[in-house]
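Student: I have a chain to look over before I go back to the bench. Can we take it step by step?

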Amino acid sequence: MTHDSRTNDKGEQRSRRTAVLRRIAMAMIERFAVVVASDLARELIDWSVNSR
């Protein structure tokens with residue numbers, strides 16, 4: 001019985017760790033996307049201003 005609970009705890013810890021890693025990765029991707037989007041918007045604005 002103790003062996004089962006031990007393996008179950010390990011699996012739970014692993015799933016929790018993957019969930020945390022996924023959350024961190026999603027936050028990093030979100031931040032990267034925001035930076036890229038703002039950079040592209042700035043370039044587009046500069047290009048539209050210069051083309052006029």
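Student: What percentage of the residues of the chain count as buried?

Tutor: Keep in mind that this is a predicted model. Buried means under 20% relative accessible area. The chain has 52 residues, and the share of them that counts as buried is 0%.

Student: How many helices and strands does the chain have?

Tutor: Strands come to 0. Residues 2-51 make up helix H1. The helix count for the chain is 1.

Student: How much area does the chain expose?

Tutor: Carbon and sulfur atoms supply 61% of the exposed area. The total for the chain is about 5,300 Å².

Student: Which residues make the nonpolar surface patch of about 390 Å²?

Tutor: Start with isoleucine 24, found in helix H1. Its relative accessibility is 44%, so isoleucine 24 counts as partly exposed. A patch residue needs over 30%. The patch is made by Val20, Leu21, Ile24 and Met28.

Student: How many salt bridges does the count come to?

Tutor: Side chains of opposite charge can pair when their charged atoms come close. The cut-off here is 4 Å between nitrogen and oxygen. One pair is glutamate 12 with arginine 16. Another is aspartate 39 with arginine 42. The count comes to 2.

Student: What separates glutamate 12 and arginine 16 in helix H1?

Tutor: Their side chains meet in a salt bridge, 3.1 Å from N to O. Glutamate 12 is partly exposed because its relative accessibility is 39%. The two residues are 4 apart in helix H1, so the separation is about one helical turn.

Student: Is arginine 42 buried or exposed?

Tutor: Its partner aspartate 39 lies 3 residues away in helix H1, about one turn. The closest N and O atoms of that salt bridge are 3.7 Å apart. Aspartate 39, at 38% relative accessible area, is partly exposed. Arginine 42 has 51%, and the cut-off is over 50%, so arginine 42 is exposed.

Note on methods
Residues are numbered from 1 along each chain as its sequence is written. This is a predicted model: local features need pLDDT of at least 70, side-chain atom pairs count only at pLDDT 80 or more; totals for chains, interfaces and linings use all residues. Side-chain values use heavy atoms; hydrogens and water are left out. Patches are made of residues with over 30% relative accessible area and no salt bridge: like charges are joined within 9 Å, nonpolar side chains (Val, Leu, Ile, Met, Phe, Trp, Tyr) within 5 Å. Accessible areas come from the Shrake-Rupley method with a 1.4 Å probe; for residues, only the protein chains shown count as cover. Buried means under 20% relative accessible area, exposed over 50%, partly exposed in between (1.4 Å probe, protein chains only).
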